[in-house]
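Open the model in your viewer and keep the selection box at hand. This tour tells you what to select next and what is there.

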Amino acid sequence: MRVVVQEAPFDFGKEAQDFASGHSNMGAIVTFTGVVRDADKGGMDRMVIEHYPGMTQKALETIAEEAVSRWNLGDALVIHRHGELRQGDMIMMVATAARHRVDAFEAAEFLMDYLKSRAPFWKKEYTADGAEWVAAKDADEDALSRW
Amino acid sequence: MDVLYFAWVRERIGIPKEKVETTAKTVAELVEELKAREERYAVAFSDLSALRVAVDQELTDFDASIEGVREVAFFPPMTGG
């Protein structure tokens with residue numbers, strides 16, 4: 001299991017390749033990548049992601065450990081960025097490795113659902129009109145109930 | 001203890017972190033003390049349903065004990081992923 005919190009960009013292709021080649025007897029590798037899109041009202045210049053340095057790494061590790069304990073996973077990877085990002089930049093990725101694809105897919109979805117509302121990150125969008133904190137969506141909180 | 005603020009809570013209170021001497025036993029009591037200090041705290045803490053709290057870097061709720069803890073953090077619902 002590997003959890004990385006960093007400001008710098010990551011190389012998705014290399015991370016996915018390294019993760020996939022690091023395991024034998026894993027029949028399924030699932031990866032998910034989150035990419036910065038425009039603000040809902042359009043015209044976004046940049047996004048800044050604030051985080052809670054002392055807590056972020058531990059919170060992500062706790063979520064990843066839970067995924068590994070609940071599904072039959074060989075491994076899990078979480079990379080999440082903070083700082084300034086622009087449209088099209090990759091914000092984060094998760095990868096899961098399992099013998100069978102159902103475990104890999106479900107655990108990746110679980111990781112995503114928990115990262116959204118249980119990892120201490122806050123997004124702020126900057127447009128020509130000023131800056132606004134992104135509001136948490138009720139749907140994201142509701143998504144946790146299925147697990 | 002250290003009290004930390006993030007995102008719009010930090011902006012409304014105007015500082016990211018401060019040392020607080022308190023006799024409060026729970027997060028809720030600490031919030032009441034802070035609200036009584038100055039208007040900017042009263043504004044930031046006016047709607048607790050819009051806030052989340054972590055005690056010693058673990059998410060918890062406003063009834064949680066803060067006796068002997070090192071760090072309490074207040075912030076809006078998280079928007080990771």
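The stops below go from whole chains to single residues and then to the contact between chains. Keep in mind throughout that this is a predicted model.

**Stop 1: chain A**

Select chain A and colour it by secondary structure. You get four helices and eight strands. Walk from the N terminus and the order reads β-α-β-β-α-β-β-β-α-β-β-α. Along the principal axes, the C-alpha trace spans about 50 × 35 × 30 Å. The radius of gyration of chain A is 16 Å, which agrees with the value near 15 Å for a compact globule of 147 residues. Of those 147 residues, 33% count as buried. Now look at contacts in chain A between residues at least 6 apart in sequence: 77% of them join residues at least 24 apart.

**Stop 2: chain B**

Switch to chain B. Three helices and five strands make up its secondary structure. The pattern along the sequence is β-α-β-α-α-β-β-β. Chain B is as compact as a globular protein of its length, because its radius of gyration of 12 Å is close to the 12 Å that the globule rule gives for 81 residues. Its C-alpha atoms fill a box of roughly 35 × 30 × 20 Å along the principal axes. Buried residues account for 30% of the 81. Among contacts in chain B between residues at least 6 apart in sequence, 55% join residues at least 24 apart.

**Stop 3: a long selection in chain A, 101-118**

Select residues 101-118 of chain A. This is helix α3, with 18 residues. Put a distance label between its first and last C-alpha: the helix reaches 25 Å, close to the 26 Å expected at 1.5 Å a residue.

Which residues of α3(A) are buried? Show side chains for A:Asp103, A:Ala104, A:Ala107, A:Ala108, A:Phe110, A:Leu111, A:Asp113, A:Tyr114, A:Leu115, A:Lys116 and A:Arg118, which are buried. An α-helix has 3.6 residues a turn, so residues three or four places apart point the same way.

What covers the buried residues of α3(A)? From chain A, the cover includes β2 (28-35), α2 (53-70), β4 (73-81), β6 (90-98) and α4 (138-143). Chain B takes part too: its β4 is included in the cover.

**Stop 4: the nonpolar core**

Stay with A:Ala107 and A:Leu111. They are among the residues that touch the most other members of the largest nonpolar core, which has 53 residues. Add A:Ile63, A:Ala67, A:Ala76, B:Phe6 and B:Ala73 to complete that group. The group therefore draws on both chains, as B:Phe6 and B:Ala73 belong to the core along with the residues of chain A.

Centre on A:Ala67. Leave aside its neighbours within four places in sequence. A:Ala67 is then in contact with A:Leu73, A:Ala76, A:Ala107, A:Phe110 and A:Leu111.

**Stop 5: the side of chain B that touches chain A**

Show both chains. 14 residues of chain B are in contact with 21 residues of chain A. On the chain B side, α1 (7-13) and β5 (71-75) are the elements that give two or more residues. How do the residues on this side of chain B divide into nonpolar, polar and charged? There are 10 nonpolar, four polar and no charged.

**Stop 6: β3 of chain B and its partners**

Select residues 52-55 of chain B, which form β3. Both faces of this strand are covered. B:Arg52 and B:Ala54 are buried on one side, B:Val53 and B:Val55 on the other.

Next, bring in the partner strands. β3(B) and β5(B) run antiparallel, joined by four bridges. Here B:Arg52 has B:Phe75 as its bridge partner. β3(B) and β4(B) also run antiparallel, with three bridges. B:Ala54 stands opposite B:Leu59 in β4(B).

**Stop 7: the hairpin loop**

Finish at the turn between β3(B) and β4(B). Two residues lie between the strands of this hairpin. Start with B:Asp56, which sits in that loop. Its phi is positive, about 45 degrees, although B:Asp56 is not a glycine. Then pick B:Gln57, in the same loop between β3 and β4. Phi of B:Gln57 is positive too, near 70 degrees, and again the residue is other than glycine.

Buried or partly exposed: what are B:Asp56 and B:Gln57? B:Asp56 is partly exposed, with 16 other C-beta atoms within 10 Å. B:Gln57 counts as buried because it has 20 C-beta neighbours inside 10 Å, and a residue is buried at 20 or more.

Conventions. Residues numbered from 1 in each chain as written. Chains lettered and ligands numbered in written order. Predicted model: local features only at pLDDT ≥ 70, side-chain atom pairs only at ≥ 80, totals over all residues. Rg over C-alpha atoms; globule rule 2.2 N^0.38 Å. Buried ≥ 20, exposed ≤ 12 C-beta atoms within 10 Å, placed from the backbone. Contact = placed C-beta atoms within 7 Å. Nonpolar A, V, L, I, M, F, W, Y, C, P; charged D, E, K, R; others polar. Pairing = 2+ DSSP bridges. Expected span 1.5 Å × (residues − 1). Core = buried A, V, L, I, M, F, W, Y, C linked by C-beta atoms within 7 Å.
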